[in-house]
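Colleague: Before I use this model, I would like to go through the terms attached to it. Please set each value against its cut-off.

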Amino acid sequence: MSEIYKIDIETIEKLAGIVSSNELSEITVRDGDKSITIKGKKIPSAPPVMPMPVGMSVPAPVVNAPEVPVKAETETFSGNVVKSPIVGTFYAAPSPEKPAFVKVGDTVKKGDVIMIIESMKLMNEIQSDYDGVVDKILVSDGQAVEYDQPIMIIK
């Protein structure tokens, strides 16, 4: 007895409602070889930081990532400040073997993925809200970041 999996607008609206009401970044529903992914506009703000289980390995840092100390909150920046939308761990590249999404001097466009913030074992790709040139990267690869912490300056 086989049923044809049919996704109608009502199902899509229900899934979008679940994503919105629970402030999820996305939800994927699979049935055999068919799937649908609904991505939300909101990223959960300030989820709790989860301790890492003993024995769990941490990804190796990207070799070319700049080592920059955390800036004081009172410091003012010239340019567009990209802030962390969530609490998590900053990663400059998609994996330790791959190059950084951006480095100082790179030109970015609005919508370009410029970093990953890992939070609660989810890798959240963060897109640029600005067109410009990366002027400064204020944190180092693998560093824990707080909600609303300045991460990058784009001029």
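**Terms and values**

Modeller: An open sheet of 4 strands runs in the order β7-β6-β4-β9, with antiparallel pairing. The model is a predicted one.

Colleague: What makes β7 and β9 the edges of that sheet?

Modeller: β7 (122-127) and β9 (144-145) each have a single partner strand, so one side of each is left without a neighbour in the sheet.

Colleague: How do you know that β6 and β7 pair?

Modeller: Two strands pair if DSSP finds at least two bridges between them. β6 and β7 have 6 bridges, in the antiparallel sense, so the criterion of at least two is met. As an example, Val 113 stands opposite Gln 127 in β7.

Colleague: Why is Ser 119 called buried?

Modeller: Buried means under 20% relative accessible area. Ser 119 has 8% relative accessibility, and therefore counts as buried. Ser 119 belongs to strand β6, which covers residues 113-119.

Colleague: What does the side chain of Ser 119 reach?

Modeller: The side chain of Ser 119 reaches the backbone oxygen of Val 87, at 3.0 Å. The limit for a polar contact is 3.5 Å, and 3.0 Å is the distance here.

Colleague: What is the order of strands in the other sheet, with β10 in it?

Modeller: That open sheet has 4 strands in the order β3-β10-β8-β5, and the pairing is antiparallel. β3 (80-83) and β5 (107-108) stand at the edges, because each has a single partner strand and one side of each is left without a neighbour in the sheet.

Colleague: How do you know that β10 pairs with β3 and with β8?

Modeller: The criterion is again at least two bridges. β3 and strand β10 (residues 150-154) have 4 bridges, while β8 and β10 have 3. Both pairings are antiparallel. On the β3 side, Lys 83 has Pro 150 as its bridge partner, and Val 81 stands opposite Ile 153. On the β8 side, Val 134 has Ile 154 as its bridge partner.

Colleague: What makes β10 mostly covered?

Modeller: In β10, 4 of its 5 residues are buried.

Colleague: Why is Ser 84 called buried?

Modeller: Ser 84 is at 2% relative accessibility and therefore counts as buried; the cut-off is under 20%. Ser 84 is found in the loop between β3 and β4 (88-91). Beyond its neighbours within four places in sequence, Ser 84 is in contact with residues including Ile 117, Val 145, Tyr 147 and Ile 151. Ser 84 and Tyr 147 are 63 residues apart in sequence, and their C-alpha atoms are 5.4 Å apart in space.

Colleague: How many salt bridges does a search of the whole structure find?

Modeller: The search finds 2 salt bridges.

Colleague: Why is the pair of Asp 106 and Lys 103 called a salt bridge?

Modeller: The side chains of Asp 106 and Lys 103 meet at 3.5 Å, N to O. The limit is 4 Å, so the term applies. Asp 106, at 22% relative accessibility, counts as partly exposed. Lys 103 is exposed, with a relative accessible area of 53%, the cut-off for exposed being over 50%.

Colleague: What makes Lys 155 and Asp 135 a salt bridge?

Modeller: The closest N and O atoms of Lys 155 and Asp 135 are 3.7 Å apart, and the limit is 4 Å. Lys 155 lies in the segment after β10 and Asp 135 in strand β8 (residues 132-137), so the pair ties together parts that are 20 residues apart in sequence. Lys 155 counts as partly exposed at 47% relative accessibility, as does Asp 135 at 29%.

Colleague: How do you know that the span of helix α1 agrees with what it should be?

Modeller: At 1.5 Å a residue, the 13 residues of α1 (residues 9-21) should span 18 Å, and the end C-alpha atoms are 18 Å apart, which agrees. Just after α1, Glu 23 takes a positive phi of about 50 degrees.

Colleague: What is the average pLDDT of the protein, and which elements have the lowest and highest means?

Modeller: The protein averages a pLDDT of 78, and 71% of the residues score at least 70. Strand β1 (residues 26-31) has the lowest mean pLDDT among the elements, 73, and β5 the highest, 95. Where pLDDT is low, the predicted coordinates should not be read in detail.

Technical notes: Residues numbered from 1 in each chain as written. Predicted model: local features only at pLDDT ≥ 70, side-chain atom pairs only at ≥ 80, totals over all residues. Heavy atoms only, no water. Helix = DSSP H or I, 4+ residues; strand = E, 2+ residues; numbered from the N terminus. Buried < 20%, exposed > 50% of the residue type's maximum accessible area, 1.4 Å probe, protein only. Polar contact = N/O pair within 3.5 Å; in protein donor to acceptor, adjacent residues only side chain to side chain. Expected span 1.5 Å × (residues − 1). Contact = heavy atoms within 4.5 Å. pLDDT = per-residue confidence, 0-100.
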